[in-house]
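Here's a quick tour of some local features worth a look before you set anything up. Have the viewer open and follow along.

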Amino acid sequence: MKKKARRSQETHTNSVQEECCALCRCSDDDPAMFGEKVTLKEHKISVHYFCLLTSCGVYQRGEEDEGIFGFLVEDIKQEVRRSTRLTCFGCKKKGACVGCNVRSCRKMVHFPCGRKQMFVSQFTGLFPSYCPDHSPSQSLCTGLDISLPRSCSICLDSIDPVLSYSILKCPSCHTSWFHRDCVQRQAHSAGLFFFRCTLCNNKEHFQEEMLRMGIYIPERDASWELEANAYAELLEVYKRCDALTCLCNNGRTHSAKSGWFEVVRCRLCGSRGTHRKCSGLKLDTKDWACSDCTQATDGKASLVRSPQGGPRRSLLSKRHRPSVHSSISCKRPSLPERSGSPEELLQSLVPRLHPPSVQVEVIGDQALSAGLDLVRRADFDPTQTLSVRFKDIDQTPLPNHLWDSDTAKEYFLKLLMQQIQECVVFEGPDGSKNLALDSEALREDLYFDVGCLLALSLVHGGPPVGFFSRALYQCLFNYPANRPLNVTHMTPDTHFTHQVTRITEAESLEELKEVMAVSWEYLELAGCNRPISSLKEREALVEDLVSFTMITRMQLPLQRFREGLQTLGVFDQVQLFPSVFCGIFCEAGDHLTAQTMGQLFTINFSEQEEKLNRETPVVTFWRHFLLECEVGRSSISLQDLLHFATGSAKLPAVSALSSPSISFLHPLAPSLLGFKEGRGVDWRDEGLFPQSEPVSKHLLLPVTSSYQAFKSSMEQAISHHVHLLPTDG
C-alpha cells in the first residue's frame with residue numbers, strides 16, 4: 001500500500017511539473033499576460049510564449065512549425081539549465097532567465113516576477129527587457145484640456161493621471177489614459193489590425209508607443225473576427241413589411257419570391273421593408289426608400305451632400321516625420337543591444353545622415369539666424385550633411401583657409417549653442433535654463449525650430465547642450481520619473497516665483513491667507529483660489545501652483561520643443577536612456593582630464609623597427625605631459641592642447657568624423673643639420689616642434705631624447721598657436 005501511495009504521489013508531482021512553465025515555474029495560463037502556454041507531452045515540457053521571447057539565452061533557430069513557435073526543444077532545455085544558476089531579483093529563487101538589457105545592470109527575473117517588479121519587456125527587435133532603473137518612460141502629460149475627469153478609457157474605472165509603470169497614456173491625443181493590464185488585454189483581443197486608441201482612434205503612433213512601453217501586439221486579426229460564424233446574422237436580410245396597413249393574408253413576415261407580396265427593402269438603410277401592394281408600388285419597383293430616410297434626405301430619397309471643407313492643416317504641424325513600425329513576428333539571433341555612453345548612442349544616429357550636403361551661409365557671427373533660415377526652408381531635409389561657410393571676413397575670427405572646412409562647422413555649432421541659450425525661448429541663470437513663455441515665439445513656432453537645431457547640433461558633432469535645468473529635463477523626458485516639482489525648480493527672480501515663495505514661507509495661517517489674498521489673480525488663473533483651513537494644506541497648494549507654472553501653462557511650448565527634438569530620432573534616443581543623457585543636457589560641458597585626452601587620440605606607430613623604438617618612449621612623454629597640463633605644472637592647459645590638435649577647445653557630443661590621431665615627427669640625419677657625431681648635445685632635440693592638422697585632426701609629436709626637451713618643444717609651439725587663433729573661452 002505504501003509503495004502504491006508513493007507511486008501515485010510521484011505521478012501527481014510529475015504531472016504538476018509538466019503543467020508548470022519550464023522557464024518561470026508558474027502554471028498560470030493567461031494568454032494576454034503571459035502568452036500562449038504550449039505543452040509538448042512527448043518531451044514533457046510546457047512553456048509560456050512570452051517567457052521564450054524575453055529569455056536572454058534562447059533564439060528562434062527553427063522554422064515556425066518546429067519545436068515551439070520555431071524555438072527548438074534542445075535550445076529551450078539548454079536555457080532552462082543556464083537559468084538554474086541565476087537568482088530572481090523578485091522572488092529570490094533560482095531559474096531567472098529575463099535580464100535587464102543594459103550591460104552594466106545585473107538584475108535577473110522570471111517573466112511573471114518581472115511584471116511585479118515593473119520590468120518593461122519590448123516585444124520588438126531583439127525583445128529586450130529593462131529594469132525599473134533603466135526602463136523607458138513616457139513624458140509628462142501634454143494634453144491641452146486638463147479639466148476633464150480622468151478614467152481608464154478601456155475599463156472606465158477612475159484613474160489618477162500620474163504616469164507610472166501601471167498607468168499609460170496615448171501619445172497622440174494625450175487625453176486617453178488607461179491601466180497597463182487593460183491595454184494589454186485590449187491588444188490581445190484586437191490584434192495588430194484593430195489595436196488603436198479608444199478615443200482618438202490613432203493607430204500608427206499609438207502602436208509604436210505601446211510597443212516601446214512593453215505592450216505585446218499579436219500579429220493576427222481581431223479575436224472577434226476569428227470566431228466561427230461570428231457574422232452569420234449579417235447574411236440574413238430584412239424580410240418584414242413595415243407599412244401602416246399590411247394587405248398580405250399570410251402576415252407581415254411573408255415574402256414571396258416575386259410579385260405584389262415580395263418584401264422590398266429600403267435602398268438606403270436596409271432596415272425597413274414593405275410589400276409592393278401595401279405601399280402602392282408598381283409591380284416592377286425595386287428601388288424604394290422608407291419614410292425615415294426620405295425625411296433625412298432631400299425628399300427624393302437621394303442623399304444630400306453636405307459641404308465638406310478641404311483637409312485642415314494645423315498651423316503648428318510644419319513637418320511630418322514618418323514613423324518606422326518594427327516587426328514583432330519573430331526573435332532571431334543577433335548582437336545584443338546595450339546602452340553605452342551618450343557619445344556612442346548619438347553615434348548610432350549618424351548613419352541617418354547622407355550626402356548631398358546642404359550649404360549654410362553664416363553672416364558674421366549670426367549662427368542662430370543662419371540655423372533658423374536652414375530649418376525653415378521648404379525643402380529642408382535633416383538627413384543631409386552640413387557644409388558651413390562664413391561670409392563676413394571682419395567678424396569671423398577664423399583664418400581664411402578654415403572658412404569652408406570642418407573646423408568652420410564646429411565653430412558654427414559652438415556659436416549656435418551659445419546663441420540658443422540666450423534666445424527668448426529660455427529664461428533663468430546661465431547653466432540652468434527653463435523654457436520661457438513668449439507669445440511671439442509661439443506665433444513664429446520658435447520652440448520647434450530651436451528643438452530641431454539642438455537635435456541637429458548633437459548629431460552633427462556639436463558641443464553638449466549643458467544649460468538645461470534639471471526641472472526642464474524632467475518636464476521633457478520625465479527623469480527622474482514621476483517626481484513632483486517644487487518651488488526650487490522654478491525660474492528665480494520671476495513674478496510667479498516670488499508669489500509661490502511668499503506662500504511657502506508664511507509662518508502662520510493668518511499670514512498665509514494674507515499672502516493668498518494679495519495673489520488672488522495668480523491663484524484664480526492657476527485654478528487654486530480655494531479656502532485654506534490649516535498650514536497642512538499649503539504643501540498641496542504649492543505643488544499645484546508649481547505644476548501650473550512649469551507644466552500646465554507651458555503645454556504648447558513643451559510639446560513643440562519635444563517635436564523639434566524628434567529630428568533624426570534624438571528625442572526617442574534620449575527618452576530611452578534619460579539617465580545617460582542627463583549630463584549632456586544639464587552639465588556645462590565635460591571637464592577635460594588627462595585620461596580623457598589620452599583615450600581621445602589614436603596612436604599610429606611606424607612600421608620600421610628603428611623608428612618604432614624611438615617612438616615608444618615619446619608616448620610615455622606624451623602621457624606624462626597630459627598629467628602635468630591637468631594639474632597645472634605646465635604653462636598650457638588641456639583645452640589649449642585640444643584646440644591646437646583639433647581646432648576646438650571642447651569635446652563634441654558626438655563626432656561624425658574619424659577620431660583624432662597621433663603620429664611622430666622624426667628629425668633629419670645629423671649631417672643634414674650640420675652636427676657632428678661627437679657633439680655633447682643630442683642632435684634630435686634641436687628645432688623639433690609639434691605640428692597639427694586641425695582639418696584632419698592629426699597631431700605630429702616630436703621625437704626627442706628626453707622629457708624636458710619634449711615638454712619645452714610642446715609648450716613653445718602651443719603657446720605661440722594660442723595667440724594666433726581664438727579659443728572657445
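Let's start with charge on the surface: Glu505, Glu507, Glu510, Glu511 and Glu514 together make up a negative surface patch. Keep in mind that this is a predicted model. Which helix gives the most to the negative patch? That's α17, spanning residues 509–518, with 3 residues in the patch. Glu510 sits in helix α17, and with a relative accessible area of 53% Glu510 counts as exposed, because the cut-off for that class is over 50%.

Next, the backbone oddities. Tyr479 and Pro480 are joined by a cis peptide bond, with omega at about -5°. Pro480 belongs to the loop that runs between α15 (470–477) and α16 (495–505).

Then there are some positive phi values. Arg25 is not a glycine, yet its phi is positive, at about 60°. You'll find Arg25 in the loop between α1 (2–19) and α2 (31–34). Phe69 is another non-glycine residue with a positive phi, near 55°, and its place is the loop between α3 (49–54) and α4 (73–83). Gly632 also takes a positive phi, about 90°, just after α24.

How accessible are the residues picked out here? Some values side by side:

| Residue | Relative accessible area | Class |
|---|---|---|
| Glu510 | 53% | exposed |
| Arg25 | 46% | partly exposed |
| Phe69 | 27% | partly exposed |
| Met33 | 6% | buried |

Why does Phe69 count as partly exposed? Its relative accessibility is 27%, and the class takes in what lies between the 20% and 50% cut-offs, so Phe69 fits there.

Met33 is part of helix α2. With a relative accessible area of 6%, Met33 is buried, because that is under the 20% cut-off. Which residue, 152 residues apart from Met33 along the chain, has its C-alpha atom 7.6 Å away? It's Arg185.

Finally, a geometry check on helix α24, which covers residues 609–631. The helix has 23 residues, and at 1.5 Å a residue it should span 33 Å. The expected span is 1.5 Å times one less than the number of residues, which is why the count isn't simply multiplied by 1.5 Å. The C-alpha atoms at its ends are 34 Å apart, so the two values agree. As for burial, the buried residues in α24 are Glu615, Val618, Val619, Phe621, Trp622, Phe625, Leu626, Glu628 and Cys629.

Technical notes:
Residues are numbered from 1 along each chain as its sequence is written. This is a predicted model: local features need pLDDT of at least 70, side-chain atom pairs count only at pLDDT 80 or more; totals for chains, interfaces and linings use all residues. Side-chain values use heavy atoms; hydrogens and water are left out. Patches are made of residues with over 30% relative accessible area and no salt bridge: like charges are joined within 9 Å, nonpolar side chains (Val, Leu, Ile, Met, Phe, Trp, Tyr) within 5 Å. Accessible areas come from the Shrake-Rupley method with a 1.4 Å probe; for residues, only the protein chains shown count as cover. A salt bridge is a side-chain nitrogen of Lys or Arg within 4 Å of a carboxyl oxygen of Asp or Glu. Lys and Arg count as positive and Asp and Glu as negative; His and the chain ends are not counted. The place of a charge is taken as NZ of Lys, CZ of Arg, CG of Asp or CD of Glu. Helices (H or I, at least four residues) and strands (E, at least two) are DSSP runs, numbered from the N terminus. Buried means under 20% relative accessible area, exposed over 50%, partly exposed in between (1.4 Å probe, protein chains only).
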